[in-house]
Amino acid sequence: MNIGNNIKQLRQQKNLTQEQLAEKLGISYQAVSKWETGISHN
């Protein structure tokens, strides 16, 4: 399992959308999406 899958799985366990997680982290939801799809892990 890669980091993106871990992020997605944990986010879903907490019943958070990508937008909600992004807000908590102070980043854009596009960044969360990129992490989960493996496009970017920065």
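Me: Why is E36 called buried in this predicted model?
Reply: The relative accessible area of E36 is 10%. Buried means under 20%, so E36 counts as buried.

Me: Which residues does E36 touch, leaving out those up to four places away in sequence?
Reply: E36 touches G4, I7, K8, R11 and Q18. One of these, R11, is buried, as E36 is.

Me: What makes R11 and E36 a salt bridge?
Reply: Their side chains come to 2.6 Å, N to O. The cut-off is within 4 Å, for a side-chain nitrogen of Lys or Arg and a carboxyl oxygen of Asp or Glu. The pair therefore meets the rule, and the count by this rule is 1 salt bridge.

Me: What does the pair R11 and E36 tie together?
Reply: R11 lies in helix α1 (residues 3–13) and E36 in helix α3 (residues 29–37), so the salt bridge links parts that are 25 residues apart in sequence.

Me: Why is α2 called roughly perpendicular to α3?
Reply: The two helices pack at an angle of about 110 degrees, with their axes 8 Å apart. Angles of 65 to 115 degrees count as roughly perpendicular, so α2 and α3 fall in that class. Their contact is made by Q18, E19, L21, A22 and L25 of α2 and by Y29, V32, S33, W35 and E36 of α3. The crossing of α2 and α3 is right-handed.

Me: How do you know which elements have the lowest and highest mean pLDDT?
Reply: Among the elements of the chain, α3 has the lowest mean, 95, and helix α2 (residues 18–25) the highest, 98. For the chain, the mean pLDDT is 92, and 90% of its residues reach 70 or more.

Note on methods: Residues are numbered from 1 along each chain as its sequence is written. This is a predicted model: local features need pLDDT of at least 70, side-chain atom pairs count only at pLDDT 80 or more; totals for chains, interfaces and linings use all residues. Side-chain values use heavy atoms; hydrogens and water are left out. Helices (H or I, at least four residues) and strands (E, at least two) are DSSP runs, numbered from the N terminus. Buried means under 20% relative accessible area, exposed over 50%, partly exposed in between (1.4 Å probe, protein chains only). Contact means heavy atoms within 4.5 Å. pLDDT is the predictor's confidence in each residue, from 0 to 100. Axes are lines fitted to C-alpha atoms, for helices over the stretch in contact, and angles run from 0 to 180 degrees between N-to-C directions. Angles under 35 degrees count as roughly parallel, over 145 as roughly antiparallel, 65 to 115 as roughly perpendicular and the rest as oblique. A crossing is left-handed if the near helix is turned anticlockwise from the far one by less than a right angle, and right-handed if clockwise.
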